[in-house]
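Trainee: Before I use a term for a structural feature, I would like to see how the term is justified. Could we go through this together?

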Amino acid sequence: MRIVIIDDSGLRATVLEEGLREAGYDDIHIVPPRGAFVARLERMAPDVVLMDLGSPSRDTLEEMLTVSRALARPIAMFVDQSDEAMIGAAIDAGVSAYVVDGLRKERVKPVLELAVRRFNAFAKIQGELDEARTALSERKIIDRAKSILMNQRSLSEQDAYALLRSAAMNQGKKIVEVAQALITASELLGGGGL
Amino acid sequence: MTTDLKIAFLPLTDAAVLVAACEQGFAEEEGIALELVRSTSWATLRDRLVYGQVHAAQMLAPLAVAVTLGLSQQPAALAAPYKLNVNGNMLVMARDFAAALEPDVARRVADPLGTAHDFAAAIGLWRRKPMIGVVHRFSSHSLMLRYWLASAGIDPDKDVVLRVLPPSLTVEAMRAGEIDGFIAGEPWGSAAVEAGLAETVAVGERIWRRGVEKVLAFREPWLEENPDIVDRLLRALARAAAWCDDSGNHATLAELLARPRYVDQPADLIARALSGQMVARAGEAPVANSDFMLFSREATPFPWRSQALWIYSQLVRWNMVEHDAAAAAKAGAVFRPDVYRRALANSDVAMPGASMKLEGAVDLPLAVGSRRGELTLGPDRFFDGRVFDPEKIEDYLAGFAPGR
């Protein structure tokens, strides 16, 4: 079974490809949806095409599936329309799957289930990365605010932090919000310590 | 009690009524907490609606017909009781290509018939078949482009290459030289003009003066099971639409649409379509067109069944569906004037008395029978003067010789 993954996020495609290989599928190709990707795909004659539901290139792919003369058999979205739970899970996970006509649904289902699990796993990794990035940038903002306080009010680092924290508690805000306001104010006033 | 509703949309200026309903409190007044779900392809918007991830969607009118007829992946009966706008499209082409057309852009746009013939000549001068981007096979844009090209003897399936790509990728594709031009909803045409990549060649409003564009589509069973929610939503949208049509609100509306979670493009580009001040070539004065995009006046949101049937006639014309009486009836029934009437019966919205009309028969603003309020229909001519009689689809199609 030839599986093509259309994806422009290298990481997600790798996560999915790994999973498929572990499960014993070995005819797997990754095609980024850029330039003449439709022509490449046509030449590959895939049995299953997996694609991120959020990819703006889905309309282009579907048009090719509709008009292509090169494809021997038609390819349509999902294979088993009666399996609503499966389709629901796929759409929730952001998987769209196009399957060649005549491929038995028992053969496709494990691929689809695996794609759903891997897409979900990828979304989780992505979420954690975003969180880590946010935490890092928040930490930098607080550090800057602390150094302003340390410079301008000659406080120790510990006292500067305590001051930010009590201001945040009094105003019912997050520390990072108070820190950001302090930085903005300091910039407006042309204050030093930045 | 508040009802949570999810509606899918694409980043386009004609999502305006949905955005206004959400941001200006019109939905809230009807007890609706509206969540707008941004999508980047029509396929994904369609799947979200068909598979029940959202309650409704801002849909290309021809796509709603096509999904119902089983022409676009999983068949599903869709129902469109409300039109979100009419008009709003623009065909732009690379400046090199446009150099073979009438140089005065205002005159070029005002004369679509002449420009279509110039376009046919320009194809001969081009090094290869021009590649024209369309947003979807089942889009109003694609049907209008085909109609316009064919009027000058251009076969849209042979003499040009129509490439499907979503609106948000059109400008990048122009830049990369993957397409020579495209027809799309705003602000994407304006974005390509502003970037100096293209200039305006034709405007939707000049091809069909009141062209069907986006509808609000529901799954039909859900629409039938939830009349109260549908009615409240339609009332909220009708008020939002009136707000969007008011030129005093255009600056605010453009700012709202410009936000990253909606269109994510500069407000001044978005404002052009709203005010009808279209810049056709970068750096030149705008070409005024007060009917560039309509939301409310002239009973714009009313889903005339004859318009669904016009769409159907074009699908038949381009061999996208086999004509038979059952398919025609199914296509016409996608538009639901009955639901529109029920929802807005006690409002001050002008209400047409009929559900079908001749399309393309009105030359000058025309006062018509209305159940309530004054209703004036705007001119709705096709540029070639043809009139579509929904009772005589075969005759209409036979008029497109040869073969089509």
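Mentor: What follows is a discussion of the cavities, the largest pocket, a sheet and the domains of this predicted model.

Trainee: What makes a space here a cavity, and how many cavities of 30 Å³ or more are there?

Mentor: A cavity is a set of grid points where a 1.4 Å probe fits but cannot get out. By this rule the count comes to 2 cavities of 30 Å³ or more, with about 130 Å³ of space in the largest cavity and a volume of about 30 Å³ for the second largest cavity.

Trainee: Which residues line the largest cavity, and how do they divide by class?

Mentor: The lining includes Lys83(B), Arg210(B), Glu298(B), Lys357(B) and Asp380(B), and Trp304(B) and Leu377(B) also belong to it. Its classes are 4 nonpolar, 3 polar and 5 charged residues; Gly378(B) is one of the lining residues, and Gly counts as polar under the scheme used.

Trainee: What is the make-up of the lining of the second largest cavity?

Mentor: That lining has 7 nonpolar residues, 1 polar residue and no charged residue. Its members are Ala61(B), Pro62(B), Ser140(B), Met144(B), Trp208(B), Val212(B), Trp310(B) and Ile311(B). Helix 4 (61-68), helix 8 (140-151) and helix 16 (305-317) of chain B are the elements that give two or more residues to this lining.

Trainee: Why is the second largest cavity said to lie between domain 1 and domain 2 of chain B?

Mentor: The second largest cavity lies between them because both domain 1 (3-85 + 212-266 + 297-337) and domain 2 (89-210 + 276-288) of chain B give residues to its lining.

Trainee: How far apart are the C-alpha centres of these two domains of chain B, and how many residues does the contact take from each?

Mentor: The C-alpha centres of domain 1 and domain 2 of chain B lie 25 Å apart. The contact, for which heavy atoms must be within 4.5 Å, takes 26 residues from domain 1 of chain B and 25 residues from domain 2 of chain B. In chain A, the assignment gives domain 1 (3-128) and domain 2 (132-188), and their C-alpha centres lie 47 Å apart.

Trainee: What is the volume of the largest pocket, and which elements give two or more residues to its lining?

Mentor: The largest pocket has a volume of about 820 Å³, and the term pocket is used because the set of points is open. Helix 2 (37-44) and helix 3 (58-67) of chain A contribute two or more residues each, as do strand 6, helix 8 and strand 7 of chain B. Of the 26 lining residues, Glu63(A), Val67(A), Val161(B), Leu162(B) and Arg163(B) lie nearest the centre of the pocket, and the lining as a whole divides into 14 nonpolar, 4 polar and 8 charged residues.

Trainee: Which strands of the open sheet in chain B are called edge strands, and what makes them so?

Mentor: The sheet has 5 strands in the order 7-6-8-5-9, with mixed pairing. Strand 7 (161-164) and strand 9 (198-203) of chain B are its edge strands, as each pairs on one side only.

Trainee: How do you know that strand 5 and strand 8 of chain B pair?

Mentor: Pairing requires at least two bridges, and 5 bridges join strand 5 (residues 89-94) to strand 8 (residues 181-185) of chain B, so the two strands, which run antiparallel, count as paired. Leu91(B), for instance, has Ile183(B) as its bridge partner in strand 8 of chain B.

How values were computed. Residues numbered from 1 in each chain as written. Chains lettered and ligands numbered in written order. Predicted model: local features only at pLDDT ≥ 70, side-chain atom pairs only at ≥ 80, totals over all residues. Heavy atoms only, no water. 1 Å grid on protein atoms, 1.4 Å probe; cavity = no way out; pocket = protein on both sides within 12 Å on 5 of 7 lines; lining within 4 Å. Points joined across faces, edges and corners; volume = space filled by probe spheres on them. Helix = DSSP H or I, 4+ residues; strand = E, 2+ residues; numbered from the N terminus. Domains from an automatic or database assignment.
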